[in-house]
Amino acid sequence: MLNTLIVGATGYAGAELAAYLNRHPHMNITGLTVSAQSADAGKLLSDLHPQLKGIVDLPVLPLKDVAEAAKGVDVVFLATAHEVSHDLAPQFLAAGCVVFDLSGAFRVSKPEFYTEFYGFEHQHLDLLDKAVYGLAEWQADKLKDAQLIAVPGCYPTASQLALKPLIENGLLNDSQWPVINATSGVSGAGRKATLGNSFCEVSLQPYKLFSHRHEPEIAEHLGVPVIFTPHLGNFPRGILATITCRLNAGVTEQDVAEAFHNAYHDKPLVRLYTKGVPALKDVVGLPFCDIGFAVKGEHLIVVATEDNVLKGASAQAVQCMNIRFGFPETQSLL
Ligand SMILES: NC(=O)C1=CN([C@@H]2O[C@H](COP(=O)(O)OP(=O)(O)OC[C@H]3O[C@@H](n4cnc5c(N)ncnc54)[C@H](OP(=O)(O)O)[C@@H]3O)[C@@H](O)[C@H]2O)C=CC1
Ligand SMILES: CC(=O)N[C@@H](CCC(=O)OP(=O)(O)O)C(=O)O
């Protein structure tokens, strides 16, 4: 049995982690924490997230002393904002914990990326080199002995799962950058209320054109430039990415199908469509990324969809943890 602590347990990602880890046969939740000043400290997680009533009726505690909180803990999940994870991860690593960070604090190895896109100077450059990027389907070998796992962002998970098989097989014509148009539900922005995320304000709108931090994250890990345009949609959960690419001359629909099949036929959390393309409703509440595509001449459209809080965050974190410790990859997820 591994003892586990969830930091940021009352957020959307933290609550899903609590549900998964609570039913995991090899994990024992020893603590659920929030910030030292949190108004929720002392409340039951199930009072804040009533879907967990009778399932996870544990109190959430303020995180005051990291060394104390880390005592006896094997595995820590940081479901916290980037700056918070940036400060906490080194402390939990120093206490001997394996750390799964759901934030963007350790996803890209270049320090200048954080200054430009996250607005802070990274203080732990040694950890940027050591962190393993947890795109689970592609990183099993590296995950097996990782101490710090940087779980990918929600948009980057769908985008990379869709594009990586095509790039690895040399099917894309690099005269046209892949164009990723992705729409996310509002939970992607976290649970805290803001004006921009309130019911009457949200309709359907692209945002951060050419400037979203996920564009360099996707490009860095795919090794090719992309155009990425996120959209906010008026639904709670899920991401659907429609990705337009150009194929190299002579590449056929069959070649594309084979590339996807070879990449994912033995990967239980990626479901491939042989006919048509997936819809958001097919994955909401589930840990899958579903992928379908269509080809016309040299043009390819790939559609990838996932639940942003699950395969885009918590489910992928648990999937990485399962791979890291040699448990069945889908343990507690399906
Ligand atoms: N939502 C999504 O779809 C996705 C989220 N992510 C990433 O996962 C992380 C969590 O996201 P999400 O669940 O949406 O965030 P939320 O804003 O919903 O939750 C954040 C949690 O962190 C707690 N918290 C805040 N400050 C601290 C602190 N100093 N110490 C301990 N806990 C703290 C909050 O509680 P309190 O404020 O009461 O202390 C709350 O429990 C973020 O980095 C996000 O970028 C990644 C992919 C997808
Ligand atoms: C709808 C919405 O606001 N989505 C978030 C992305 C959430 C996510 O993937 O989280 P990371 O920040 O951990 O990468 C955004 O665009 O900032």
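**Two ligand sites and selected residues**

Let me open with one contact: in the side chain of H214, an N or O atom lies 2.4 Å from an oxygen atom of ligand 2. The structure before you is a predicted model, and every distance and area in this talk is computed from it.

I shall stay with ligand 2 for the moment. R107 also contributes through its side chain, where an N or O atom is 2.7 Å from an oxygen atom of the ligand. C154 takes part through its backbone instead, with an N or O atom placed 2.9 Å from an oxygen atom of ligand 2. As for coverage, ligand 2 on its own has 430 Å² of accessible area, and the protein covers 85% of it.

Which residues come nearest to ligand 2? There are 15 residues around this ligand, and R107, C154, Y207, R213 and H214 are the ones that come nearest. Sorted by class, the shell consists of six nonpolar, seven polar and two charged residues.

Why does ligand 2 lie between the domains? Residues of its shell come both from domain 1, which covers 2-151 + 313-325, and from domain 2, which covers 154-306, so the ligand is placed between the two.

I turn now to ligand 1. Its shell holds 27 residues, of which T10, S35, S38, T80 and N308 come nearest. By class, this shell comprises 12 nonpolar, 13 polar and two charged residues. Domain 1 and domain 2 both supply residues here as well, and therefore ligand 1 lies between them.

The polar contacts of ligand 1 that I wish to show are made by backbone atoms. For G8, a backbone N or O atom is found 3.3 Å from an oxygen atom of ligand 1. For T80, the corresponding separation between a backbone N or O atom and a ligand oxygen atom is 2.6 Å. S187 has a nitrogen atom of ligand 1 as its partner, at 3.0 Å from a backbone N or O atom. How much of ligand 1 does the protein bury? Taken alone, the ligand exposes 900 Å², and 81% of that is buried by the protein. Three elements give two or more residues to this shell: α1 (12-22), α4 (82-94) and α11 (310-325).

Helix α11 also contains S314. Is S314 buried or exposed? Its relative accessible area is 0%, so S314 is buried. A polar atom of the S314 side chain lies 2.8 Å from the backbone oxygen of A13.

Next, the cysteines. C289 is buried, at 0% relative accessible area. Why is C289 without a bond to another cysteine? The closest cysteine sulfur belongs to C154, and it is 12 Å from the sulfur of C289, which is too far for a bond. With a cut-off of 2.5 Å between sulfur atoms, the count of disulfides comes to zero. C200, for its part, counts as exposed because its relative accessibility is 74%.

Two residues have an unusual backbone angle. As background, most residues other than glycine have a negative phi. F210, although not a glycine, has a positive phi of about 60°. F210 sits in the loop between β9 and α9 (214-222), and at 66% relative accessibility it counts as exposed. S332 is the other case I have chosen, with a positive phi near 70°. S332 belongs to the segment after α11, and its relative accessibility of 7% makes it buried.

Finally, two residues whose separations along the chain and in space may be set side by side. Q205 is part of strand β9, residues 204-206, and is exposed, with a relative accessible area of 54%. Q205 and N234 are 29 residues apart along the chain, and 9.3 Å separates their C-alpha atoms. A162 is located in helix α8, residues 154-168, and is buried, with a relative accessible area of 0%. From A162 to F77 there are 85 residues along the chain, with 26 Å between the C-alpha atoms.

To close, I return to the ligands: domain 1 and domain 2 both give residues to the shell around ligand 1, and both also give residues to the shell around ligand 2. Thank you for your attention.

Key
Residues are numbered from 1 along each chain as its sequence is written. Chains are lettered from A and ligands numbered from 1 in the order in which they are written. This is a predicted model: local features need pLDDT of at least 70, side-chain atom pairs count only at pLDDT 80 or more; totals for chains, interfaces and linings use all residues. Side-chain values use heavy atoms; hydrogens and water are left out. A residue is near a molecule or strand if one of its heavy atoms lies within 4 Å of it. A polar contact is a pair of N or O atoms within 3.5 Å; within protein, one must be able to donate a hydrogen and the other to accept it, and residues adjacent in sequence count only if both atoms are side-chain atoms. Accessible areas come from the Shrake-Rupley method with a 1.4 Å probe; for residues, only the protein chains shown count as cover. Helices (H or I, at least four residues) and strands (E, at least two) are DSSP runs, numbered from the N terminus. Ala, Val, Leu, Ile, Met, Phe, Trp, Tyr, Cys and Pro count as nonpolar, Asp, Glu, Lys and Arg as charged, and the others, Gly among them, as polar. Domain bounds come from an automatic or database domain assignment. Buried means under 20% relative accessible area, exposed over 50%, partly exposed in between (1.4 Å probe, protein chains only).
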